[in-house]
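Got your viewer open and your mouse ready? Load the model below and we'll go from stop to stop, picking out one thing at a time.

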Protein chains: 2
Amino acid sequence: MKKLLGALIIVAFVMAIGLPGTSLAADKIKIGISIPSADHGWTGGIVWWAQKAVEEWSQKDANLEFFVVTADSPAKQVGDVEDLMVKGIDALVILPHDSAPLTPVVEEVYNSGVYTVVVDRGLIKEAQHVYIAGDNPGLGRVSAEWMAKEMDGKGKIVVLEGIPCVINTERVEAFKAVMAKYPDIEIMDSQPAYWSTQKGLEIMENYLQKYDKIDAVWAQDDDVLKGVLQAYKESGRDDIKLFLGGAGAKDIVKMVMDGDPLVRADVTYPPSMVATAISLAVKGVKNIPLDGFYQMKIPSRVILASELIVPENAKDYYYPDSVF
Amino acid sequence: MKKLLGALIIVAFVMAIGLPGTSLAADKIKIGISIPSADHGWTGGIVWWAQKAVEEWSQKDANLEFFVVTADSPAKQVGDVEDLMVKGIDALVILPHDSAPLTPVVEEVYNSGVYTVVVDRGLIKEAQHVYIAGDNPGLGRVSAEWMAKEMDGKGKIVVLEGIPCVINTERVEAFKAVMAKYPDIEIMDSQPAYWSTQKGLEIMENYLQKYDKIDAVWAQDDDVLKGVLQAYKESGRDDIKLFLGGAGAKDIVKMVMDGDPLVRADVTYPPSMVATAISLAVKGVKNIPLDGFYQMKIPSRVILASELIVPENAKDYYYPDSVF
């Protein structure tokens, strides 16, 4: 036993000082994670979930080494990715600040053989092994299906849209497609609130002045919903029976969990997608097939479902120490 | 101990004879699988992989009950799905014969609360929990990247396309986008071979008459490749250095595995996608998150990677008892 221990110590020592081309450090799998910086809101959630996945994977597998870098601009992020390349990463997980300026450097990474996972914001050219994102039409569809059911198929709705862009259009069109099946539901108005709490407050004040009776509000986003709820509270009215936001912010999930009579559901567009992206990078670079899959590689495209959060399951979606 | 055993036997007996509303059969999770019938080719592979997944899941979980039905026409498949509904299925896995005629019945299934997984051929309206398919642009891209590398970035190619349709266009455009980066590679011709061995033979005979020198052939499909190889053999020529099909048919995978000098790779468009679809239906209906995923539900959209099969990994893709 002593002899074996001695041998092991020698092996450990040799590994620690390193042999040409076979040092311990060189054997580690290096995974770079490049994300936008933020300390609140949805992108704050991205940073929090990236750190959570890194912690969990580091505990599970000592052979993994992670480098998490955050950027406050596309230019900074291009530099971040170049720095990660110098570190010799085996895999890159990136949520691009902006698609166009990040595409060339990610293409370079991909072409150099690094396992590349792009999150949420797609590149303008295919240059990744895996693309993972949320389901925008799904968010609109799940929201509308739940609202129509809760409204017993009748009533007057106002909608607060996001920033006018493809994401918003996909959500709103899917929402309206479902509502079109209910002749007794009327969408009275639909204006952009730019995914902003302040804008949500302003638009909702306007709606409350404009319409004597509103049955339900679709705010599409939890930040907007916070402004909407404030405007409604300040108005002193009590006609609205139902408010629905979106994304799964912890304050709103808590309201659902606590049985709030007006905020009875939420729909995910989960910042935890970056954590899943990190898992897929680990499995991809280590050539581990997904459990239950009959293929060898990770899928090239994964769109995460928009999940309905209701009082019965809200605790599964509540992360009190998250920033989002 | 004896007492406990006795109690267990009574419990088992009660379970076996059944109690009103709680019979053992009623507790089983019923999963219907509706696919086109075929005894050869890619759809033959679909039937084989569906049966394989059903066998494996049945062994793993005695609480699952599967109904596999095959249809030779869209009308027959509509009837099949209606029959499955009468059986009280909890989940449906369907590869639609044709999108338009199957959409209404699948929408009915989905709206009734049955967990619905649509494979390969999408519906004309969103009416599923999960859509899973192969990666057509990926097939073109992976094929072109490998060919360009094998050709050292230079040479003359002929292409045999599939049936003119979106799938073919996505594959061919992605192929050409990669090849455009290589100024010394020339695509001399690109004609439809309709994913048919006979057509592949005819088009290849024509190419061999038309062009004195060909360096490489992209047939996009293994059935087409079989015709191409026959035409080349009969021509007695020896100028072509490289042939690439697609899909992962066992005869072609075996050639790769055995070190054929001309057929050195294949690219998957795997009929095993239906087996993965069955796994996702089981996990979805049982509310089991995917391993490594930080979400509760199965993704709403999964596009399987086009995987490159080369001599080093070909044995992982070779299923000698498969029909495809």
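How much area do chain B and chain A bury between them? About 3,300 Å², and 52% of it is on carbon and sulfur atoms. Buried area here is the accessible area (1.4 Å probe) that two parts lose on being put together, summed over both.

A quick word before you click on: this is a predicted model, where local features need pLDDT of at least 70, side-chain atom pairs count only at pLDDT 80 or more, and totals for chains, interfaces and linings use all residues. Residues are numbered from 1 along each chain as its sequence is written, chains are lettered from A and ligands numbered from 1 in the order in which they are written, and side-chain values use heavy atoms, with hydrogens and water left out.

**Stop 1: both chains.** Colour the two chains separately. A turn of 180° with a shift of 0.0 Å along the axis lays chain B on chain A with an RMSD of 0.0 Å (a least-squares fit on the C-alpha atoms of residues with pLDDT of at least 70 in both). The two copies are thus related as by a two-fold rotation axis. Now select B:Val302: in chain B, its C-alpha is the nearest to that axis, at 2.4 Å.

**Stop 2: strand β11.** Show the cartoon and select residues 301-304 in both chains. Here β11 of chain A and β11 of chain B pair in the antiparallel sense over 3 bridges. Strands are DSSP runs (E, at least two residues), helices are runs of H or I with at least four, both numbered from the N terminus, and two strands pair if DSSP finds at least two bridges between them. A:Val302 has B:Val302 as its bridge partner, while A:Ile303 stands opposite B:Arg301.

Next add residues 130-134 of chain B. This is strand β5, which runs parallel to β11(B) and is joined to it by 4 bridges. Look for B:Ala133 opposite B:Ile303.

**Stop 3: the contact surface.** Select the residues in contact (heavy atoms within 4.5 Å). You should get 39 from chain B and 39 from chain A.

Which residues make a salt bridge across the interface? Try B:Asp291 and A:Lys283, whose closest N and O atoms are 2.9 Å apart. A salt bridge needs a side-chain nitrogen of Lys or Arg within 4 Å of a carboxyl oxygen of Asp or Glu, and 4 of them cross this interface. On chain B's side, α11(B) gives the most, with 6 residues.

**Stop 4: inside chain A.** Over all chains, the whole structure has 32 salt bridges. For one of them, select A:Asp80 and A:Lys76, which meet at 2.8 Å, N to O. Both lie in helix α4 (residues 74-86) of chain A, 4 residues apart, about one turn of the helix.
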